[in-house]
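Open the model in your viewer and keep the selection tool ready. The tour goes from helix packing to the ligand, then to a sheet.

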Amino acid sequence: MFYVICVNILVFLIFLAFVYDLKFRSCGRLPGPRRWPIVGNLLEFLWLDSGAIFDRLISYSKQYGEVYILDFLYDRTVVCASPSDAKRILTSYKFLAKSDDYGKVSEWIGDGLLVSKGMKWMWHRKAIAPAFSTVALRQFVPVFSRRAEEVCAKLEALADERPGEPVDVLPELKLHTLGVLCETVMGIPCGEEQDRQRQYTQVVEELKSILYWRMFSWFANFNTLFRLTPTKRRFDELVALSRSFTHDMIDRRRKIRERSKLVFDQDGNIDFERLDPRSKYSPLLDTLLNARLPDGTTSPNAGLFDGRPLTDEEIQDEVDTFSFAGHDTTASAMTFILYNVAKYPEMQERLYDEIVSEIGTEFSELNFQDLFKLCYMDSFIKESLRLFPPVPIVARIAIDDTYVNMVDIKAGTSVALNIFSMHRHPAYYPDPERFDPERFRKSPD
Ligand code: HEM
């Protein structure tokens, strides 16, 4: 009797797997590695570390072309490395939702711009946009210049300490970009707090590695199972440390605003005529503190100052997002730029010659106009970002049935945009593995 029941259950399960599999196959006219019943492509990723997972995703792009599919159990992901499809996806309201992995990040940085979706994302984006205008950014150039001098002196000192030995520049650059961020995004002079900032960069590093592990571990991917692991306790401790760092920043900026009596005109903009000379510029955090969002009674076409202020939680989420998204990516980009400067001495020479001829060696502080004279530097940075994009893959979820590359996409399907492979596709960048800043040089006509 028991034997018969077991056989029946087994047959029923196989039947279900077969039916589901048929359903999956029917909506997939795209190439991709062989899908196994029930598990899909899970087994191919199961025991790989993060580097090997990344390599596998990239090698599939080479093997299967610009669009292929991967199934993890019954969760389908379309991996796309076509710029035109990426543009369509990123500008379509049908892909306004972020993928499930972003939800895991939100346990740390809350529901800020990187994670939020729909109307919330749109309104917050609108509120924050003025902080990224050219006028807003140019006020920070003196901070960039001063801080750059400081980090160069520090790297030089580290190199002198152990002549001939390599210097690990990434931790120093993280500290540097975080310092710049504190001054420009938060409006807090953080010169004396290096220990606390260093601790924050280390906390971020550990949080990132836990999140990466969760995304690709078959069991930690399930929230309930992750909660049973000792890593969850560590994760919570790290989140608390990270949040306390950003919370203090917000608190300090609020106090600075009170003390320095920043004056605002009736639209909530800083009135520069009456501004205390000690408060030279307006950081992004002030934009958030001044912003107003629709409160339910506001018309969709209302201006930015017609509704309610952001709640403390909304401000904290955005500040957490900017603190992480702003310093980590930039430090990684700078590390690869320096790597390429060191790897190609002739180009290094050319960069130096450009600085000497366009700006000279006797400048005390770079200004905004100077930056536009450094054309070769500009293409060098772009080429470095092409070959080593700090964010190599981003992902969205279809919120409605739609199509990509003439292939049906069902609502709920994840789409991963493979930036790394796009940047190395020979159709867009001939001889793609070659480092060549000339690709981005504008022709004289
Ligand atoms: C080289 C430097 C940087 C790179 C390569 C980079 C890359 C990216 C990418 C690829 C995204 C899209 C993520 C997604 O949609 O899943 C993104 C979003 C974002 N980045 Fe950056 N980023 C850089 C610097 C910064 C800086 C300096 C800040 C802040 C000061 C910042 C703040 C953000 C925010 C808030 C978002 C979310 C925007 C939204 O969804 O509306 N990033 N970044």
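Axes are lines fitted to C-alpha atoms, for helices over the stretch in contact, and angles run from 0 to 180 degrees between N-to-C directions. Keep in mind that this is a predicted model.

**Stop 1: H11 against H13**

Select helix H11, residues 230-259, together with H13. H13 covers residues 312-343. The H11 and H13 axes lie 10 Å apart, at an angle of about 110 degrees. Angles of 65 to 115 degrees count as roughly perpendicular, so H11 and H13 are roughly perpendicular to each other. Their crossing is right-handed. Now show the side chains at the contact. H11 supplies Ser242, Arg243, Thr246, His247, Met249 and Ile250. From H13 come Ile315, Gln316, Val319, Asp320 and Ser323. By class, the contact of H11 with H13 has four nonpolar, five polar and two charged residues.

**Stop 2: H8 against H13**

Stay on H13 and add helix H8, residues 169-186. Here the axes are 8 Å apart and the angle is about 135 degrees. That angle makes H8 oblique to H13. H8 passes H13 in a right-handed crossing. On the H8 side, pick Val169, Leu170, Leu173, Lys174, Thr177, Leu178, Leu181 and Val185. They meet a set of H13 residues that includes Phe322, Gly326, Ala331, Met334 and Leu338. Colour the contact of H8 with H13 by class: ten residues are nonpolar, six polar and two charged.

**Stop 3: H9 against H11**

Go back to H11 and select helix H9, residues 194-216. The H9 and H11 axes come within 9 Å and cross at roughly 145 degrees. This crossing, of H9 and H11, is left-handed. H9 brings Arg196, Tyr200, Val203, Val204, Glu206, Leu207 and Ile210 to the contact. H11 answers with Thr231, Phe235, Leu238, Leu241, Ser242 and Phe245. Nine residues of the contact of H9 with H11 are nonpolar, two polar and two charged. Ser242 is a residue to click twice: it meets H9 here, and it is also part of the contact with H13.

**Stop 4: the ligand**

Centre on the ligand. Which residues are closest? They are Ala325, Gly326, Thr329, Val391 and Val394, out of 14 residues that surround the ligand. Highlight H13 again: seven residues of the shell come from this helix, the largest share. The shell divides into nine nonpolar residues, four polar and one charged. Gly326 is among the closest to the ligand, and Gly326 also takes part in the contact with H8.

**Stop 5: the sheet**

Val394 leads on to strand S6, residues 393-397. Five strands form an open sheet in the order S1-S2-S9-S6-S3, with mixed pairing. Strand S1 (67-72) and strand S3 (97-98) are the edges: each has a single partner strand, so one side of each is left without a neighbour in the sheet. Now add helix H2, residues 50-64, which packs on the sheet and touches S1, S2 and S9. S2 is residues 75-80, and the direction of H2 makes about 70 degrees with that of S2.

Zoom in on S6. Its pairing with strand S9 (residues 414-418) is antiparallel, over five bridges. Alanine 395 stands opposite alanine 416 in S9. Next, click arginine 396. Its bridge partner in S9 is valine 415. Turn to S3 and find lysine 98, whose bridge partner in S6 is arginine 396. S3 and S6 pair in the antiparallel sense over two bridges.

Conventions
Residues are numbered from 1 along each chain as its sequence is written. This is a predicted model: local features need pLDDT of at least 70, side-chain atom pairs count only at pLDDT 80 or more; totals for chains, interfaces and linings use all residues. A residue is near a molecule or strand if its C-beta atom, placed from the backbone, lies within 6 Å of it. Helices (H or I, at least four residues) and strands (E, at least two) are DSSP runs, numbered from the N terminus. Ala, Val, Leu, Ile, Met, Phe, Trp, Tyr, Cys and Pro count as nonpolar, Asp, Glu, Lys and Arg as charged, and the others, Gly among them, as polar. Two strands pair if DSSP finds at least two bridges between them. Two residues are in contact if their C-beta atoms, placed from the backbone, lie within 7 Å. Angles under 35 degrees count as roughly parallel, over 145 as roughly antiparallel, 65 to 115 as roughly perpendicular and the rest as oblique. A crossing is left-handed if the near helix is turned anticlockwise from the far one by less than a right angle, and right-handed if clockwise.
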